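Hi,

Here is the structure I said I'd send over. Have a look at it first, and then read on for what turned up.

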Amino acid sequence: MATSRFVRYLESRKNITGSACGVVGLALTFAGVAGPYWPVVVAGLYGAGALIAPPERPDPPAFPDPSAQLDEVRADLGTLRAYLAGVDLPPAVAARLGELTDLLTALLDPGWTTELLAHDPEGVHTLSRTVRRDLPEAVDAFVRTRWWARLSPGAEAPERHLERQLGLLREDAERLAAGLRETEARRQESVTRYLEDRGGPAGGGLSA
């Protein structure tokens, strides 16, 4: 609307800079420098200020940071676990699924793990993809295929595919956990090197 555009212009850098230059023009007028042409001087200085003002820069979009994304994935994992609890699975598959969801829960538990993940966007993406797409799709495909398999005796058992899929997803999660563990190990080694470079004693014991 015209009113909102006018308000935005009043708050713009062009208007603020132009107004500041116009004030200079008024000061020159009161000092007797501008003479009878003071309106032209004030308007000219305002226009010049508006022209030299830096252009307006729109604020970049505020996307959620990795910590906020992890909170959302953690909540989605709770929703996923509630869905999985209602799926009838063979005991062996249910055991594999439980191991995977326990590992995902441990990775998403608030604490030092999520602090590390907050600096690992690729790790956050891996967890998000597993929780929101890969795991529910694998289980849903199993449920659908199992229904059709009942109409086709002798067909390959659908749980074999699901077991393989769960194994691959667990490998992804274990690689992520191993990477986080390696990050902490490097941090520990850097502390050791710092203490050694500082000239501290190599051993931590105290003499009697």
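Arg 74 and Asp 71 sit three residues apart in helix α4 (residues 66-85), so about one helical turn separates them. Keep in mind that this is a predicted model. The two side chains form a salt bridge, with the closest N and O atoms 2.8 Å apart. As for the surface, Arg 74 is partly exposed, with a relative accessible area of 23%, and Asp 71 is also partly exposed, at 44%.

That pair is one of the salt bridges in the structure, which holds 11. Here are a couple of others to look up while you have the model open.

Arg 132 and Asp 76 meet through their side chains in a salt bridge, at 2.6 Å from N to O. This pair links distant parts of the chain: Arg 132 is in helix α7 (residues 121-149) and Asp 76 is in helix α4, 56 residues apart. Arg 132 counts as partly exposed at 40% relative accessibility. Asp 76 is partly exposed too, with a relative accessible area of 30%. Which residues are linked with Asp 76 in a network of salt bridges? They are Glu 72 and Arg 132.

Staying in helix α7, Asp 140 and Arg 144 lie four residues apart, about one turn of the helix. Their side chains meet in a salt bridge as well, 2.8 Å from N to O. Is Arg 144 buried or exposed? With a relative accessible area of 55%, Arg 144 is exposed, because the cut-off for exposed is over 50%. Asp 140, at 30% relative accessibility, counts as partly exposed.

Now for helix α5 (residues 91-108). At 1.5 Å a residue, its 18 residues should span 26 Å, and the end C-alpha atoms are indeed 26 Å apart, so the two agree. The buried residues of α5 are Val 93, Leu 97, Leu 100, Thr 101, Leu 103, Leu 104, Leu 107 and Leu 108. They cover an arc of only 155° around the axis, which puts them on the same side of α5.

One last residue to find is His 161, which lies in helix α8 (residues 158-197). His 161 is partly exposed, with a relative accessible area of 45%. Its C-alpha atom is separated by 8.8 Å from that of Ala 138, a residue 23 positions away along the chain.

Cheers

Conventions:
Residues are numbered from 1 along each chain as its sequence is written. This is a predicted model: local features need pLDDT of at least 70, side-chain atom pairs count only at pLDDT 80 or more; totals for chains, interfaces and linings use all residues. Side-chain values use heavy atoms; hydrogens and water are left out. Helices (H or I, at least four residues) and strands (E, at least two) are DSSP runs, numbered from the N terminus. Buried means under 20% relative accessible area, exposed over 50%, partly exposed in between (1.4 Å probe, protein chains only). The expected span of a helix is 1.5 Å times one less than its number of residues. The arc is that of the directions from the helix axis to the C-beta atoms. A salt bridge is a side-chain nitrogen of Lys or Arg within 4 Å of a carboxyl oxygen of Asp or Glu.
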